[in-house]
Amino acid sequence: MQDKPLTQIAHETLAPLISPGDTVIDATVGNGHDTLFLAQKVGLQGKVYGFDIQQEALDICYQRLSDNNADKQVSLFHAGHETMPMLIPVDYHIEKIQAIMFNLGYLPGGDKHRRTQLSTTLSALHFALQSLSIDGAITLLAYTGHSGGKEECNAIKDWLSTFNDAYDISHIKPQGATNSPPELIIIKKT
Ligand SMILES: C[S@@+](CC[C@H](N)C(=O)[O-])C[C@H]1O[C@@H](n2cnc3c(N)ncnc32)[C@H](O)[C@@H]1O
């Protein structure tokens, strides 16, 4: 249980693992808070690949990046994260990505129906597990309060439990959680 925002814990978990020059992925760009964090960590020598199905999200993110002079090291794709195998250069497909962030659900302030879906999330996670560096980590923040959110979260946890031998997987929930708490899942290669 934690009293800090799970978004902050995700950043604090990844910060010591990411060095300037690393390649990382933001699987759900949204308003671009995580993309900016990743861009600042990898610096101009590094690379952030970002994915979102909504142009609106990418526009907000581009603005945030350019306001912070952190846009040059970022490539944003108007595409679902399930297309990672097609859009990430093949040299990075096996154990070359230092950090991958998933922040599931819908765009805050946007259309709640345009949200992540279990089948495409699992497809992207499959690529993420394969492309993750030995000393890197995946953070996955799942919200269970909206329609389909709890089912998505539980199915992801069931699927991930089949990888327990190869990955170190931890789960963090906020303190004083309500009936539908968000959950942060942290995945490291063992
Ligand atoms: C909770 S928001 C992400 C918040 C974001 N990481 C931030 O720092 O502001 C979830 C985002 O996932 C996007 N999304 C939904 N399905 C997706 C998919 N298949 N691939 C990539 N992004 C998707 C939504 O459009 C939405 O912008």
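This report walks through the fold, the sheet, a few single residues and the ligand shell of the structure above.

**Overall fold**

The model is predicted. The chain has six helices and seven strands. Read from the N terminus, the elements run α-β-α-β-α-β-α-β-α-β-α-β-β. The radius of gyration is 15 Å, close to the 16 Å that the globule rule gives for 190 residues, so the chain is as compact as a globular protein of that length. Its C-alpha atoms fill a box of roughly 40 × 40 × 30 Å along the principal axes.

Of the 190 residues, 42% are buried. Long-range contacts carry much of the fold's bookkeeping: among contacts with a separation of 6 or more, 74% join residues 24 or more positions apart.

**The sheet**

Seven strands form an open sheet in the order S3-S2-S1-S4-S5-S7-S6. The pairing is mixed. Strand S3 (74–78) and strand S6 (167–172) stand at the edges; each has a single partner strand, so one side of each is left without a neighbour in the sheet. Neighbouring strands are turned by 15° against each other on average, with direction ignored.

Three of the pairings can be followed strand by strand. The table lists them with a bridge pair where one is given.

| Strand pair | Sense | Bridges | Residues opposite each other |
|---|---|---|---|
| S1 and S2 | parallel | four bridges | aspartate 26 and glycine 50 |
| S1 and S4 | parallel | three bridges | isoleucine 25 and isoleucine 100 |
| S4 and S5 | parallel | six bridges | phenylalanine 102 and leucine 140 |

Strand S1 covers residues 23–26, and strand S4 covers residues 97–103. S1 pairs with S2 and also with S4. Its isoleucine 25 faces isoleucine 100 of S4. Its aspartate 26 has glycine 50 of S2 as bridge partner.

How many residues of S4 are buried? Seven of its seven residues are, so to speak, under cover. S2 is mostly covered too, with six of its six residues buried. In a regular strand the side chains alternate between the two faces of the sheet. S2 can be read in this way. Lys47, Tyr49 and Phe51 point one way, while Val48, Gly50 and Asp52 point the other way. Both sets are buried. Lys47 and Asp52 are thus listed among the buried residues of S2.

**Helices on the sheet**

Helix H3 (residues 55–67) lies across S2 and S3. It runs at about 165° to S3. Helix H6 (residues 149–161) also packs on the sheet. H6 touches strand S5 (132–142), S6 and strand S7 (183–189). The direction of H6 makes about 155° with that of S5.

Glutamate 151 lies in helix H6. Is glutamate 151 buried or exposed? It is exposed, because only 11 other C-beta atoms lie within 10 Å, and the limit for exposed is 12 or fewer. The C-alpha atoms of glutamate 151 and glutamine 117 are separated by 9.9 Å. Along the chain these two residues are 34 residues apart.

**Two residues with positive phi**

Most residues other than glycine have a negative phi. Two loop residues depart from this pattern.

Asparagine 69 has a positive phi of about 55°, although it is not a glycine. It lies in the loop between H3 and S3. With 10 C-beta neighbours inside 10 Å, asparagine 69 counts as exposed.

Glutamate 95 also has a positive phi, near 50°. Its place is in the loop between helix H4 (84–87) and S4. With 14 C-beta neighbours inside 10 Å, glutamate 95 counts as partly exposed.

**Around the ligand**

Which residues come nearest to the ligand? Of the 22 residues around it, Thr28, Gly30, Asn31, His33 and Gly80 do. Two elements give two or more residues to this shell: helix H2 (33–42) and strand S2 (47–52). S2 is also the strand with six of its six residues buried.

By class, the shell has five nonpolar, twelve polar and five charged residues.

Technical notes: Residues numbered from 1 in each chain as written. Predicted model: local features only at pLDDT ≥ 70, side-chain atom pairs only at ≥ 80, totals over all residues. Near = placed C-beta within 6 Å. Nonpolar A, V, L, I, M, F, W, Y, C, P; charged D, E, K, R; others polar. Rg over C-alpha atoms; globule rule 2.2 N^0.38 Å. Buried ≥ 20, exposed ≤ 12 C-beta atoms within 10 Å, placed from the backbone. Contact = placed C-beta atoms within 7 Å. Pairing = 2+ DSSP bridges. Axes fitted to C-alpha atoms, helices over the stretch in contact; angles between N-to-C directions.
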